[in-house]
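Open the model in your viewer and keep the selection tool at hand. The stops below are meant to be taken in order.

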Amino acid sequence: MPIDPVPSLLSRATEWLEEEFIALPAFESVIDKDAVAGVLRDVAHRLGDNYPYFHPLYAGQMLKPPHPVARAAYALAMNVNPNNHARDGGRASSEMEIEAVRQIAAIFGWAESEAGFLGHLTSSGTLANLEALWVAGQLAPGKRIVGSEQAHYTHQRISAVLKLEYAAIPADNRGRMDLEALETELRKGDVGTVVVTLGTTAIGAVDPLDRILALRERYGFRVHVDGAYGGYFRLIADALDEPARLAYLATREADSLVIDPHKHGLQPYGCGCVLFRDPSVGRFYKHDSPYTYFTSKQLHLGEISLECSRAGASAVALWATQQLLPLVPGGEFAQGLARGRAAALELDRRLRQSPDLHFQALAGGMPELDIVVWKADGQSVERASQRAQEVFVACATRDLHLALVQLPLSWFQLADCDNDGVESRMVTCLRSVLMKPEHAAWLDRIWERLTASSADRRGE
Ligand SMILES: Cc1ncc(COP(=O)(O)O)c(C=O)c1O
C-alpha cells in the first residue's frame with residue numbers, strides 16, 4: 001500500500017475542528033483505547049481479504065479509490081456526523097451540498113440557466129435514478145419507460161417498484177441504443193420517458209443523446225440521462241470520438257440527469273447525485289415533517305429528496321474534493337479522466353495488433369470511454385468463455401485483477417466460431433475498467449501480465 005497521507009492530515013484538521021467548539025465546557029468520552037486498538041487490528045486483518053482496489057493493477061470492475069482529501073474530509077466530518085435531511089441536523093454540510101451540486105450542474109451548463117435547476121445528493125446511483133423515474137412517472141402517469149438493453153439493470157427494477165411499465169430497446173454492436181428500434185416503440189404513442197445511458201456499465205457505450213433529443217421533437221417524451229458512470233466525461237467531451245462528443249454536448253437539453261460521484265468523482269461510497277432541469281418538479285416532493293425543518297426558513301434538502309437521513313459527510317467530502325480539483329475542462333480532475341481513457345485506447349490498440357494472443361476486440365470499434373472488453377478465441381462459445389475465465393484466473397495469480405462480462409457474440413468477429421444462432425448468443429469476455437489516472441503509467445506492467453497469462457493458458 002502507498003504511504004497513507006490521511007492520518008497526519010486528519011490529525012491537524014481535527015485540532016482545527018476542536019478549536020471551532022472550544023467555547024463549550026470540556027467533557028471526556030471514555031473509551032478503552034487498548035480494546036479499541038485490538039478490535040482495529042482485527043478489522044485491518046479482515047480487510048486484507050479484499051482485492052487491492054486502490055492499486056493500479058486492480059483493473060477489473062468500476063472501483064476507483066476515493067481521493068485522500070475526500071477520505072480526510074469524510075473522517076473529519078464524522079466528529080460532527082451531520083445529517084443532511086434538514087438544516088437542523090447538518091447546517092454547514094447542507095450548504096456544502098448545495099454548493100457542490102451546483103458545481104456538478106455547471107458541468108452540464110445547468111447552473112447558469114436562468115430558470116435554475118433542482119438537484120441533490122443521494123446515497124447511490126440507483127436511488128438517484130429512482131428519484132428521476134419517480135418524477136417522470138408523476139409527470140406522465142401510465143406511460144412507459146424505455147431504455148436500451150444495455151442500460152443498467154436497475155432501471156427495469158426501479159420501474160417495477162414504481163409500477164411503471166418498462167421496455168428494453170435493442171442495442172447495436174457498439175452497445176448503443178438502436179434508434180430504429182426506439183422509433184418503433186415511440187410510434188406506439190405511449191412512451192413517457194427514454195432513459196439514455198452515457199457510459200454503459202458493461203462497455204462504457206454512449207447512447208446517441210443528440211439524435212434521441214431530435215426524436216423528442218417529433219414524439220414528445222421525457223429524456224432521462226443515466227450518467228452514473230460516464231457523466232463526468234462531459235468535461236473531456238471534445239477529446240472523445242464524434243458520436244460520443246455530440247451526445248455529451250447535448251446533455252444541456254436533457255430533462256433529468258444522474259451522475260455518481262462515488263464512481264468517477266473520487267468519493268467514498270454513498271454518493272450519487274440527481275439533477276432536474278426544471279426546478280418546479282420540487283412540488284412532487286412536498287410533504288410535512290412534524291419533527292424537523294424548524295431551525296431555518298431556508299430550503300432543507302429533505303424537502304426535495306425522497307430519502308430522509310443522508311450522510312452530511314458525503315457532501316463534505318465531495319465539497320472538499322471539488323475545492324481541490326475543480327470540475328473544469330483542462331483541470332487536474334479532467335486530465336485524470338483523459339489519462340484513464342488513454343490507457344483504455346492503448347490497451348485496445350495492443351489487443352487489436354497482437355493476433356498471436358488469440359483475443360478479439362469489439363468488431364464495431366474502439367472504446368468510447370475507458371472500458372475495454374475483449375473475447376478469447378475458441379471453436380465454440382463455451383470454449384471461448386472458458387478461456388476468458390482461465391485468463392482471468394491466470395492474471396489474478398500475477399496480481400492483475402480484471403473482470404468478466406457476458407456480451408452478445410455478434411459484437412465480435414466471428415471467423416473462429418460456430419455461427420449458429422449468433423444473434424442471440426452470449427459469450428463470457430474479459431473486461432477492464434481503466435478508471436484510475438495511474439492506469440496510463442501502469443499499462444506496460446498490465447500488458448506484461450496479460451500477455452504472460454494468455455501464454456500460460458495456451459500451454460506455451
Ligand atoms: C450506468 C449505471 N447506472 C446506474 C448504476 C447504479 O449505481 P449504484 O451502484 O451507485 O447504485 C450503475 C452502477 O454501476 C451504472 O453503471
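The tour goes from helix to sheet to ligand, with a few single residues on the way. Keep in mind that this is a predicted model.

**Stop 1: a helix and the loop before it**

Select residues 33-47, which form helix α2. At 1.5 Å a residue, its 15 residues should span 21 Å, and the end C-alpha atoms are 20 Å apart, so the expected and the computed span agree. Is α2 covered or hardly covered by its surroundings? The helix is hardly covered, with a count of 0 buried residues among its 15.

Now go back to Ile22, in the loop between α1 (6-20) and α2. Ile22 has 7 C-beta neighbours inside 10 Å, and therefore counts as exposed. Add Ala344 to the selection: Ile22 and Ala344 are 322 residues apart in sequence, and their C-alpha atoms are 51 Å apart in space.

**Stop 2: the sheet of 7 strands**

Switch to a cartoon view and find the open sheet whose 7 strands have the order β1-β7-β6-β5-β4-β2-β3, with mixed pairing. Its edge strands are β1 (118-122) and β3, each of which pairs on one side only. On average, neighbouring strands of this sheet are turned by 20° against each other, direction ignored.

Select strand β2, residues 144-148. Because 4 of its 5 residues are buried, β2 is largely enclosed by the rest of the structure.

Which strands does β2 pair with? One is strand β4 (residues 191-197), paired with β2 in the parallel sense over 4 bridges. To see a bridge there, pick Ile145 and its partner in β4, Thr193. Another is strand β3 (residues 166-169), which runs parallel to β2 and is joined to it by 4 bridges. Here the pair to pick is Gly147 and its bridge partner in β3, Ala168. Follow the chain from β2 through helix α6 (residues 154-161) to β3: this β-α-β crossover is right-handed.

Return to β4 and select strand β5, residues 222-227. These two strands run parallel and are joined by 5 bridges. Thr193 appears again here, with Arg222 as its bridge partner in β5.

**Stop 3: around the ligand**

Show the ligand and the residues around it. How many residues surround the ligand, and which come nearest? There are 14, of which Ser124, Gly125, Thr126, His152 and Ala228 come nearest. Helix α5 (residues 125-139) gives the largest share of this shell, 3 residues. Colour the shell by class: 9 residues are polar, 3 are nonpolar and 2 are charged.

**Stop 4: single residues in loops**

Tyr232 is found in the loop between β5 and α9 (242-249). Is Tyr232 buried or exposed? With 25 other C-beta atoms within 10 Å, Tyr232 is buried. Select Ala313 as well: these two residues are 81 apart along the chain, and their C-alpha atoms are separated by 21 Å.

Two further loop residues have a positive phi although neither is glycine. For Asn81, phi is near 50°, and for Leu266 phi is near 65°. Asn81 lies in the loop between α3 (68-77) and α4 (91-107). Leu266 is placed in the loop between β6 (256-259) and β7 (272-276). Their surroundings can be read from neighbour counts. Asn81 has 12 C-beta neighbours inside 10 Å and so counts as exposed. Leu266 has 26 C-beta neighbours inside 10 Å and so counts as buried.

**Stop 5: the sheet of 4 strands**

For the last stop, find the open sheet of 4 strands in the order β8-β9-β11-β10, with antiparallel pairing. At its edges are β8 (359-361) and β10 (403-408), each pairing on one side only. From one strand to the next, the twist averages 40°.

Within this sheet, select strand β9 (residues 371-376) and strand β11 (residues 426-433), which pair in the antiparallel sense over 4 bridges. End on one of these contacts: Ile371, with Val433 as its bridge partner in β11.

Conventions
Residues numbered from 1 in each chain as written. Predicted model: local features only at pLDDT ≥ 70, side-chain atom pairs only at ≥ 80, totals over all residues. Expected span 1.5 Å × (residues − 1). Buried ≥ 20, exposed ≤ 12 C-beta atoms within 10 Å, placed from the backbone. Near = placed C-beta within 6 Å. Nonpolar A, V, L, I, M, F, W, Y, C, P; charged D, E, K, R; others polar. Pairing = 2+ DSSP bridges. Right-handed = clockwise from strand over helix to strand, strands pointing away. Axes fitted to C-alpha atoms, helices over the stretch in contact; angles between N-to-C directions.
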